[in-house]
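Subject: Structure for you, with notes on charges and burial

Hi,

Here is the structure I promised to pass on. Have a look at it first, and then read on for what turned up.

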Amino acid sequence: MVSYDALNYPYASRRNVVYGKKGMVATSQPLAAQAGLDIMKQGGNAIDAAIATAAALTVLEPTSNGIGSDAFALVWVDGEIHGLNGSGYAPQNISVEKLKEAGYEEMPTFGKVPVTVPGTPAAWAELSERFGKLPLTDVLAPAIEYAEEGYPLSPTLAFHWKAAYNKFKETFKDDIFQNWFNTFAPDGRSPEVGEMWKSPDHARTLREIAETKAESFYRGQLADEIDAFFKEHDGYLTKEDLAAYKPEWVDPIKVNYRGYDVWEIPPNGQGLIALMALNMLEGYEFTDRENVDTYHKQIEAMKLAFTDGLEYITQEDHMNVSVEDLLSDEYAEQRRALIGDEALQPEPGEPPRGGTVYLSTADGEGNMVSFIQSNYMGFGSGVVVPGTGIAMQNRGHTFSFDEHHANVLKPGKQTFHTIIPGFLSKGDQPVGPFGVMGGFMQPQGHAQVVMNTVDFHLNPQAALDAPRWQWVQNKVVKVEPTFPDHIAQALQRKGHHIQRTLYPNEFGRGQIIWRDPKTGVLCGGTEPRTDGEVAAW
C-alpha cells in the first residue's frame, strides 16, 4: 500500500456547497451521513434519517457521543417548529452533602459520580413515535450493521481516539474503567486511521433498543445491567432513576435578528447565550466581516452573554431569572451599553426579575431536523457498562457544589447543558437547521454562523469555513490558525488577550442545510475541521 499521512494537508483545499432536492444529511462522519440518506431512500423522512444518523454516530464517532449520551432536537414539520429536550437528570441518590462526606470538594470529571441518566435512547424513540415513518428496527439497522461488521477509522476520529487513549491510560487506574479499554482499545492500543474497529456489544444494545422502542434501556434488561454495574461499584445511578425518565417536548425560544428568527432549545441548554449575544449585536450595523470593530463587538457581546449564562442557566424551573427577562430588549440595551472601544472584564448583569456530534437533515416534503447528542468531554465518564457498549456520559461534571449557585447539584435535577441545536426561519418559512458542536464553543459558533449568513451573506460552506474565535475567560480569546494576523494584533491592542492555537478542532464542528422556499432545493455545507460530509439525493 502507498505510504502517506492521512492527517497531513500541506495545501489549501476548497469544499463546495452541496445541492439536493429529495433529501440531505449533513454530519461530521461520512458513513453516518450516508446511513441517514439510505433511510430516506427506503421511504423514511427527515426525522427517521436524523435518528438513523444519530444512532450510527454512536458507533462511527464514539470519541464524541455514545448510547449513554443526552440529546436535543429542533424539528420543523408541517409549518411548525418543535423542541425536544432529551437531557437526563442527576440520580435521586446523590447530593452535595453525600459527595462531600465521600471526600469530594467539587464534581469530578470522570468515573461514577458525574454520570447522569442518559436521554438519547428515549429521545430516538420519542422522535420516531411522534414524527417518524419507518419502524425503529429499520431506522437503527445501519448502526447495528456497522457495529457488527466494523468500519475503517477516519482521520479526525483516529486523532481524537488516540488522544483519549493516551490520556486515559495514564489516569484511569480504578477497575471501574477497565471495560472502556476492553471496548475501545481491545488490542492494548487505540485503532489507527483506516484500521477496522467493531463492537458486537454496541450491536446487541442497539438491537434491543430498536426492538423495544428503548423500553429495555429504561425499564428492562439493559436497565437491570446498568443498575447491577453501578451497584457493584457503589455508584449512584439506579434502575429507578432510569425508569422515571422521559424526554420532554418544549417550546423553542427565539430572537428576531434582522428579520430572521433564530431558534434554540430553552434552558437547561446554553442556546440562550447565543440569543442574548445576537440581541446585543442587532443594535449595530455590520458591513465588513474582516474588520477589527466587527470582531471586537462580537467578542464583547459574547463575553457578556456567556457570563450571564454561566451565572443563571440551569434547569428552567430552578432559575431565579426568567428567559423572557434575559432576552428582553431592555436588558440587551443595558448590556450593550457596556461595550466600548477596549476589552472589558465581564461580570454578570442584573436582569429584571420576572467535545458532541451534530447533524442536520431535510427531506423533499419540507421536514427538517436539527439534532445534537453528546457524552460530554469526548468519550464521557470513561465508564462503559460491560457487555453493552454503553459509554456513560459525564454530564454531571457541570454541576456546582456552591449551594447559592443556580446550577448547584440536587437529586433529580438537570444540569447546565452545553449541547444546542439551532434553526433559522423567516416569516412562516423554514430557512433550515444549523449547529456548531464543541462544548462552550457552541453558542459562540452559533452566533458567528448566523452573522456570517445574515450580515455577510456567505453561503453555507463559506459560513462554516470562515475563521473562528472563541472567548475562554476574562479577556482571553483563542483564534484558530487561519485567523487573520493583522486583526489578531489589532484586537490585542484593544486589550484582548489573543492566543493563537494549532488545532482548528477546538473551534467546533458545524453543519448547515438551507432550503429555498420557492423551489424546495436544499443547499448544505459541512465542517472542514472534521471528517464531515453532506450526503444529498
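Salt bridges first: searching the whole structure turns up 23 of them. Please keep in mind that this is a predicted model. The general idea will be familiar to you: side chains of opposite charge can pair when their charged atoms come close.

Two of the pairs sit within helices. In one, the side chains of R204 and E208 form a salt bridge, with 3.8 Å from N to O. The cut-off is 4 Å, so a pair has to be within that distance to count. Why can these two reach each other? R204 and E208 are four residues apart in helix α9 (residues 200–212), so about one helical turn separates them. As for their surroundings, R204 is partly exposed at 28% relative accessible area, while E208 is buried at 17%. The E208 label rests on the cut-off, because buried means under 20%.

The other helical pair is D227 and K231, whose side chains meet in a salt bridge at 2.9 Å, N to O. The spacing has the familiar explanation: D227 and K231 lie four residues apart in helix α11 (residues 221–232), which means about one helical turn between them. Is D227 buried or exposed? With a relative accessible area of 7%, D227 is buried. Its partner K231 is exposed, at 53% relative accessibility.

Next comes R258, which forms a salt bridge with D455; the closest N and O atoms are 2.6 Å apart. Here R258 is partly exposed, at 24% relative accessibility, and D455 is buried, at 9%.

There is also a salt-bridge network to look at, and it links R468, E480, E527 and R529.

Now for the whole protein. It has 19 helices and 21 strands. Does the radius of gyration agree with a compact globule, or disagree? For 537 residues, such a globule would have a radius near 24 Å, and the protein has 22 Å, so the two agree. The C-alpha trace spans about 60 × 55 × 50 Å along the principal axes. Of the 537 residues, 63% are buried. The accessible surface amounts to about 20100 Å², and carbon and sulfur atoms account for 48% of it.

On charge, the protein carries 45 positive and 71 negative charges, and the mean positions of the two sets are 4 Å apart. Which residues gather in a patch of negative charge on the surface? They are E97, E101, D402 and E403. Of these, E403 lies in the loop between β13 (390–391) and β14 (422–426), and is partly exposed with a relative accessible area of 44%. That value fits the patch rule, because patch residues need over 30% relative accessible area and no salt bridge.

One last residue, away from the charges: V450 is placed in helix α17 (residues 442–454). V450 counts as buried, at 2% relative accessibility. Between V450 and F434 there are 8.9 Å in space, C-alpha to C-alpha, and they are 16 residues apart in sequence.

Happy browsing, and all the best!

Note on methods:
Residues numbered from 1 in each chain as written. Predicted model: local features only at pLDDT ≥ 70, side-chain atom pairs only at ≥ 80, totals over all residues. Heavy atoms only, no water. Buried < 20%, exposed > 50% of the residue type's maximum accessible area, 1.4 Å probe, protein only. Rg over C-alpha atoms; globule rule 2.2 N^0.38 Å. Areas by Shrake-Rupley, 256 points an atom, 1.4 Å probe, with all protein chains shown as cover. Lys, Arg positive; Asp, Glu negative; His and termini not counted. Charge placed at Lys NZ, Arg CZ, Asp CG, Glu CD. Patch = residues over 30% accessible without salt bridge, like charges linked within 9 Å, V, L, I, M, F, W, Y side chains within 5 Å.
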